[in-house]
Amino acid sequence: MPISEILFWFLSAVAVICAMLVVVVKNPVYSALCLILTFFAIAGHYFLLNAQFLAAVHIIVYAGAIMVLFLYIIMMVNMHGNMGFTKRTLFEIISAISAGLLLLVLTVAGKQADLSQLTKSAANIGTVESLGNSLFNEFLLPFEISALLFLSAMVGAVLLSKKQLS
Amino acid sequence: MTVLIFKIILVLSVFGITMLIAMYSTWAERKLSAVMQDRVGPNRAGPLGLLQPLADGIKMFTKEELIPQGSNRFLFIIGPGIAMLTALITGAVIPWGGDVNIGGESFALQITDINIGVLYLFGVVSVGVYGIMIGGWASNNKYSLLGALRASSQMISYEIAMGFSIIAMVMMTGTLSLREIVAQQDAGLANVAYQPLAFLIFMICAFAETNRAPFDLPECETELIGGYHTEYSSMKLGLFLFAEYINMFISSAIMVSFFWGGYNFPFQHELGLSPNALATVQTVVFFGKVFAFIFLFMWVRWTLPRFRYDQLMNLGWKVLLPLSLLNIFLTGVVMYLTGKLN
């Protein structure tokens with residue numbers, strides 16, 4: 001078995017097991033740590049697909065920034081005793097339905113994907129150069145619009161937190 | 001196959017040198033602080049106290065290990081491990097010198113030259129905070145937790161300005177590979193001549209990222225006892241402290257590679273040295289520059305008082321971040337005017 005295949009199976013196993021542990025584990029800190037491991041496994045998959053830029057940014061943004069803040073909040077909350085999740089049947093039903101729908105969409109998308117177009121020539125499609133070229137030439141408008149969307153989200157968050165203080 | 005053997009030797013020697021430098025940084029720090037405070041410093045173990053780090057290491061290893069009650073055993077042990085791991089793996093992308101020639105084959109004195117080297121460094125740095133966070137939380141101690149929370153918010157805040165300051169530099173170099181960034185500084189001036197503001201911002205952020213004074217609030221003794229490592233003893237404490245010194249060494253190496261020409265030195269090609277001799281001299285020069293920065297780190301620590309926490313956050317978000325954005329803008333304008341765009 002070539003080494004990339006071994007790595008693929010190893011990373012997949014890590015990703016799936018950790019993703020399941022995120023849901024199963026009772027302690028929220030462990031849950032967050034498992035999610036971080038899942039991100040690392042997925043970043044490894046990006047590496048295997050030659051998308052180094054995506055892998056690095058995935059680690060920097062998700063594992064390095066977002067999950068640090070998640071963990072930060074969980075640790076802060078844990079300071080004042082055990083919060084304990086209140087389970088409601090309605091929530092359980094809603095989340096089961098939405099998760100099932102997501103699974104359905106993903107399965108259909110995976111089944112209908114046309115993989116024949118993927119060729120060896122696309123091997124360096126994930127490098128910084130090709131990504132930057134396509135983002136700033138072909139997809140310039142959507143890129144800028146999504147940047148504006150993020151900016152407005154940031155301004156909105158600042159406004160909301162200001163309101164609470166006064 | 002020879003490449004593999006060479007790389008393995010390089011990895012081991014980088015590991016060994018990093019450890020050695022971290023060990024003797026503790027000695028240098030104590031000697032330097034002694035000089036600055038008109039004291040003698042360590043002078044019992046060996047001549048000039050040179051065996052002091054060894055004595056400290058033996059002490060650390062043989063001390064009693066305490067795991068506090070009510071702490072999370074697994075995470076308590078893994079915390080310092082993560083801190084050490086992330087401190088050590090940053091050395092993989094740093095170019096330590098030019099090419100050496102062994103038996104007709106040319107090898108680069110760099111463990112790996114990935115084309116996203118800069119991003120790799122940022123990824124590792126951003127993950128580095130987990131060691132402190134996990135260790136601090138697992139200690140089950142309010143002071144530890146506060147230290148961990150301070151460390152994480154501080155590192156997240158300063159990472160942003162750090163990243164933006166590097167973007168201005170990357171705009172000029174047009175590459176994310178450290179080897180190429182260093183090689184480009186061979187022909188012209190060092191990057192610091194073009195990006196002084198970026199260097200200044202990066203250096204301040206490096207101080208904050210390594211939790212060194214004046215940004216050492218996570219381990220502020222007057223408020224938090226020892227901060228995130230309050231509950232740690234024996235070599236687990238040693239690993240935390242060691243990781244800080246390794247981080248200091250590596251961030252000095254990064255600053256040298258990014259801004260101060262890396263292993264290059266003036267008139268290096270006019271000396272008429274053979275490639276191997278040149279690479280040796282380059283490595284020596286590189287370490288000389290790195291030691292100068294380590295000295296700066298220590299100098300600042302024993303000169304400046306600690307920031308207050310709100311001052312720290314204000315500096316990060318209201319001064320450094322806008323300045324780094326301005327720097328990107330200015331770099332873009334100058335590049336446009338001089339026709340260096342495209």
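A residue is called buried if 20 or more other C-beta atoms lie within 10 Å of its own, exposed if 12 or fewer do, and partly exposed in between, with C-beta atoms placed from the backbone. By this rule, helix α9(B) is mostly covered, since eleven of its 14 residues are buried. The model is predicted: local features need pLDDT of at least 70 and side-chain atom pairs count only at pLDDT 80 or more, while totals for chains, interfaces and linings use all residues. Residues are numbered from 1 along each chain as its sequence is written, and chains are lettered from A in the order in which they are written.

**Helix α9 of chain B**

- Helices are DSSP runs (H or I, at least four residues), numbered from the N terminus.
- The 14 residues of α9(B), 196–209, should span 20 Å at 1.5 Å a residue (the expected span is 1.5 Å times one less than the number of residues), and the end C-alpha atoms are 20 Å apart, which agrees.
- Among the buried residues of α9(B) are B:Phe202, B:Cys205 and B:Glu209.
- The cover over the buried residues of α9(B) includes α4, α6 and α11 of chain B.

**Nonpolar core**

- The largest nonpolar core (buried Ala, Val, Leu, Ile, Met, Phe, Trp, Tyr and Cys residues joined through C-beta atoms within 7 Å) has 110 residues.
- B:Leu119, B:Phe202, B:Cys205 and B:Phe249 have the most contacts inside this core.
- α11(B) gives the most to the core, with 15 residues.

**Contact between chains**

- The contact (C-beta atoms, placed from the backbone, within 7 Å) takes 18 residues from chain B and 18 residues from chain A.
- On the side of chain B that touches chain A, α4(B) gives the most, with six residues.

Terms used. Two residues are in contact if their C-beta atoms, placed from the backbone, lie within 7 Å. Helices (H or I, at least four residues) and strands (E, at least two) are DSSP runs, numbered from the N terminus.
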